[in-house]
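User: I'm new to reading protein structures, and I'd like a close look at one part of this one. Could you walk me through it in plain language?

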Amino acid sequence: MEVIHKIGRRKTAVARAYVAKGKGNITINKKDMATYFPTATLQYKVNQPLVMTNNEGNFDITVNVYGGGITGQAEAIRLAISRAMCDVSDENRGILKPEGLLTRDPRMVERKKFGQKKARKKFQFSKR
């Protein structure tokens, strides 16, 4: 099996995942996953597609991720790994699709409008 390259996005985070046969090592930006994502919730999000398809420990994954915050980066990595698992085996798609792991979350931050305090919040109107 050659290296599978997939891209995942969430908000402004972009993750490029390289999946190859191996012992289950996950490297994110040249760091171990446990040091890059210290909380168990973020580690669970990254491992979710591997656990659901019973592939934890079968693949070495190298990820380059930039932009956004750590939660957006973790969800971008999850999407990239999910797409790679679909390339590994066709029946993985039937497992991941109902859980929503193959859907790109389109929600983005709304831009600030001029004459307003934020995107929707207005300046306070004072009547004197």
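In the hairpin of β1 and β2, which residue takes a positive phi, and how many residues sit between the strands? Please start there and then show me how that part fits into the rest of the chain.

Analyst: Happy to, and keep in mind that this is a predicted model. The residue you're after is K11, with a positive phi near 55 degrees. The hairpin of β1 and β2 has two residues between its strands.

Now follow the two strands away from that turn. β1 covers residues 4-10 and runs antiparallel to β2, with seven bridges joining them. You can trace the pairing on screen: R10 has A13 in β2 as its bridge partner, I7 stands opposite R16, and I4 stands opposite V19.

β2 has another partner, too. Eight bridges join β2 to β5, and these strands also run antiparallel. One pair to look for here is V14 in β2, which stands opposite Y66 in β5.

Let's step back to the whole sheet. It is an open sheet of five strands in the order β1-β2-β5-β3-β4, with mixed pairing. β1 and β4 (31-32) stand at the edges with a single partner strand each, so one side of each has no neighbour in the sheet. That means our hairpin includes one of the edge strands, β1.

The sheet order isn't the order along the chain, so here is that one as well: from the N terminus on, the elements run β-β-β-β-α-α-β-α-α. In total that comes to four helices and five strands. The chain has a radius of gyration of 18 Å, well over the 14 Å that the globule rule gives for 128 residues, so it is more spread out than a compact globule. Its C-alpha trace spans about 70 × 30 × 25 Å along the principal axes.

What do β2 and β5 do besides pairing? They both give residues to the largest nonpolar core, as do β3 (26-28), α1 (33-36), α2 (40-52) and α3 (70-88). This core has 28 residues, and those with the most contacts inside it are I28, F37, V46, I61, V63 and I77. The largest share, eight residues, comes from α3. There's a general pattern behind this: in soluble globular proteins, nonpolar side chains tend to be buried together.

V46 is a good place to zoom in. Leaving out residues up to four places away in sequence, V46 touches I26, M33, F37, A74, I77 and I81.

F37, on that list, is worth a stop of its own. F37 has a relative accessible area of 0%, so it counts as buried. Its ring also takes part in the one aromatic pair counted here, where Y36 and F37 meet edge-to-face, 5.0 Å centre to centre with 85 degrees between the planes. Why does Y36 count as buried too? Its relative accessibility is 18%, and the cut-off for buried is under 20%.

Finally, some numbers for the chain as a whole. Buried residues make up 37% of the 128 residues. The chain exposes about 8300 Å², with carbon and sulfur atoms supplying 51% of that area. And among contacts between residues at least 6 apart in sequence, 65% join residues at least 24 apart.

How values were computed. Residues numbered from 1 in each chain as written. Predicted model: local features only at pLDDT ≥ 70, side-chain atom pairs only at ≥ 80, totals over all residues. Heavy atoms only, no water. Phe/Tyr/Trp six-rings, centres within 6.5 Å; stacked < 30°, edge-to-face > 60°. Buried < 20%, exposed > 50% of the residue type's maximum accessible area, 1.4 Å probe, protein only. Core = buried A, V, L, I, M, F, W, Y, C linked by side-chain atoms within 4.5 Å. Contact = heavy atoms within 4.5 Å. Pairing = 2+ DSSP bridges. Rg over C-alpha atoms; globule rule 2.2 N^0.38 Å. Areas by Shrake-Rupley, 256 points an atom, 1.4 Å probe, with all protein chains shown as cover.
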